[in-house]
Amino acid sequence: MTKTSRILVGPAPHIHDSQSTASLVWGCVLALVPALLWGVYCFGVGAALVVAAALGGALAGEGLAGLARRRFSLLDGSAFLTGLLVGLAMPPGAPLYVPAASAFFATAFVKGAFGGLGSNWMNPALAGIAFAVLNWPQAMGAWVLPRHLTGVVGISGATPLALVRDKLASGQGGSDPLAILEAAGQSFTGLDRGVTGFLNGGLFERLGASLPQGYIDLLVGNRPGAVGELSGLLLLAASVVLVARRMIRWEVPLSIFASYAALVWAFGGLPFGEGFFSGDVLFEVLSGSFILVSFFMATDPVTSPSTRLGMAVYGAGVGALTFLLRSFGSRPEGTAFAVILMNCALPLLERLERPRRGEAAK
Amino acid sequence: MRFPKTFRHGGLTVDLHRDWRGAAPVQNSFLPSTAIVLLKQHAGAPSRCLVRRGEFVREGSVLGKPESTGAAQVHAPVPGVVRDLKRVRLPEGGECEAAVIVLEGSFDRLGKRVEKYVWKSMSRGDLLQTLRDRGVVEAEAPGRPLFELLQARDRPSLLVLNGVESEPYLRTEAAVLAERGAEVLEGLALLRKIVSPEETILALDSTDEATIARLRELAAELSPQPEIRILEPRYPQDLENRLLEVLAKGRKRAAQAEEPKGKGAREGGARESGSREGGAKEKASGREKGAEALFVRPSTALAAYEAVVLAKPFVDRYVTVSGGAVKNPAVLKVRIGTPIGDLIEECGGFAGTPERLVIGGPFRGLPVHDLDAPITKQSSAVLALRPDETRKSRRQPCIRCGRCVDRCPERLDPAGLYRRVAAGRQAEAEALGLAACTSCGICGYACPSRLPLVEALAAARDKMEARR
């Protein structure tokens, strides 16, 4: 008979679900790798260094906070994920101290100081991003064009959101965002022309519709932007996997999208001199950090509600605030701050969802 | 008429690990050369030991006598010499005396022709007395003596033969129904004679088609005919609250169908609030019925049959021996007191390194570390689980993922209760429904941070009950 000295006695249940907190976190990290690789392909080694600096800062922050609390927590992956998210939200041209300091701030102060994983009340990655935006606004606008569009690394260029905003502000508007981009001299890639032509010829024509040029470039990520936010396609594909494996909840991104899309559609056309219900939802969703933030940051379970009603309200809030911040804020991007604001409202949302009593207790 | 097949809220559909279903029919396990018979194999206090060291006992002679309610007679499962009387620790906590019997001498029953007693002419009192004398208790935790249970729930509105086996790995009840269906139903018939229920339901879940067909045939011979309900395999459908929820709902619908239609048409806008009210009413009536409903496991019914018809004390039972670390999983018919190590050896020994040994199911079973731990009247299974089945991982802080909340069949917030209990805010936890927790184990299974939710809530509930 085999030795039984290794038998462990512990309370029931004796079996567990295959997912653990660490596997959830590392799963998210893995899901972000394609987007990271695309960023590095577009922006070269500089982008990789930005992300590496953020990872270093995050791990250093977590390690120091762990030392202070005498709890070793580097291996649970949460600091790594925070660092990765901060790095992915950085412009590829940012000086390396920006991602490093921001990620350090995120893990050491926003997370570690409050007691580490599970105790923070604000999403640490978003707090890090906000920290960078507030401290180094110039560096956080160091956008560059993807090198396969120009053939050269490091030609600066504004993000589509920023460009459209500037043109509108200076009165050089157009009827819709893509027209403004085209007027500003942005050319579309062959891929975009090909796919758009194919879709229009094969599918949309029969439905009596036509897809303007430009969206495919935005979806694939042929545009300036933060290292990891470029390719909505890769991010969405990764999200589908995460949702299907129940590693993130679909309710939050869906609710964010629904509320944001409704507002953009209703009012988004106004700045372009168009009427109500003419906003360009596709452009607004694809051209900023919307997808990255709503699928990978707003879904952080620690800082989002845990019941459906709570998630719906939370997501609706994020969507509405994103619209308000993007429309009336001082910066073209507003998703990160919208989520942070809703993080702050979490205790109120919690009130909404309780109490949930057992029948027998009545 | 479509009946619901499962309960409404929470629960789990998990891999049942019963791929070996088509395996060999149930065998009698080898007789234990040394049987360790606990004097507590029931809900109440240990029975008083009647034998001395060195004494010879016959098969079926009384070893222990109950001295309080909740306790039951304990019989010698094998003939032999009482080599030792020792105190052993119980897997559920605490300790009790155990008689160690070394197999010796001849069997009085084994291999002999059995005579069948006619029970139909016996009085209710005689039947109850017989169940008491033969030490018949529930064949699962907590193991209340059957005669006490029958007395307490006389004339129930519903008697349920609970063949639902929703814990993974287990197929003990399925095997009992497949192999001893006729005896189980005769046992059920004699229980019906004792308590005269208004209605009888056979609840089954993953039993195979052939067995279901056979049970239908057998049930048709009973009068009044019991209803057979086939439910969806879903954990924890075997718990009385959940099972009652499913069965009561079907009964209510059936009653509604008989009523003349007319007020059925409801306005669309009012539907939601209307159905919610309906749900609350249903729950209320379900709870009332809960007090009246009587649940019996097939194993228990079989023990009752054998006690009355074969005049045989409760000295053996069907046990599932399974888990990834057992080479050839099987269901065995086992003498009470057989050490679990003997059973695992009989099933080919360990395959790989077991990380955990469990008596009972993987969700609610008791952990043991000792291969000498004996089978009792409540041991439905022996499981040896590998690390890839237990999937232990480091405990982490709660990340508020809400999985426990989603899956709790009692609609509790386990993480919230845990947080309060851990902070010493017992009263708050109680106000949030702590008492409704059944320790089904789902929250602990689902928690990615592996928080000791079940353990902490059970401890808090004990505290609550101790205060009463």
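Let's start with a distance. In chain B, the centres of domain 1 and domain 2, taken over C-alpha atoms, are separated by 29 Å. Keep in mind that this is a predicted model.

Where do those domains sit in the sequence? The assignment for chain B puts domain 1 at 32-110. Domain 2 comes in two pieces, 124-256 and 283-300. Then there is domain 3 at 315-391, and domain 4 at 403-467.

Back to the first pair. How many residues of domain 1 of chain B are in contact with domain 2 of chain B? Nine, and they meet eight residues of domain 2 of chain B. What kind of residues does domain 1 of chain B bring to that side? Three are nonpolar and six are polar. None are charged.

Now the whole of chain B. The chain has 468 residues, and 50% of them count as buried. Its secondary structure comes to 14 helices and 17 strands. Look at the contacts in chain B between residues with a separation of 6 or more. Of these, 74% link residues 24 or more positions apart.

Next, a few strands in chain B. Find strand β5, residues 62-65 of chain B. Which strands does β5(B) pair with? One is strand β3 of chain B, residues 48-49, and that pairing is antiparallel, over two bridges. Another is strand β6 of chain B, residues 74-75. That pairing is antiparallel as well, and two bridges join the strands.

Put your finger on Gly64(B), in β5(B). Opposite Gly64(B) stands Cys49(B). In β6(B), the bridge partner of Gly64(B) is Val74(B). So Gly64(B) has Cys49(B) opposite, and Val74(B) as its partner in β6(B).

How confident is the predictor? For the complex, it gives an ipTM of 0.86 and a pTM of 0.87. Chain A has a mean pLDDT of 89, with 96% of its residues at 70 or more. Chain B averages 87, and 89% of its residues score at least 70.

Each chain has a stretch to treat with care. In chain A, pLDDT stays under 50 over residues 358-362. The model has 15 contacts beyond four places in sequence for that stretch. In chain B, pLDDT stays under 50 over residues 260-290. There the model has 14 contacts beyond four places in sequence. Remember that the second piece of domain 2 of chain B is 283-300. Check the confidence there before you read anything into it.

Note on methods: Residues numbered from 1 in each chain as written. Chains lettered and ligands numbered in written order. Predicted model: local features only at pLDDT ≥ 70, side-chain atom pairs only at ≥ 80, totals over all residues. Helix = DSSP H or I, 4+ residues; strand = E, 2+ residues; numbered from the N terminus. Buried ≥ 20, exposed ≤ 12 C-beta atoms within 10 Å, placed from the backbone. Contact = placed C-beta atoms within 7 Å. pLDDT = per-residue confidence, 0-100. Pairing = 2+ DSSP bridges. Domains from an automatic or database assignment. Nonpolar A, V, L, I, M, F, W, Y, C, P; charged D, E, K, R; others polar.
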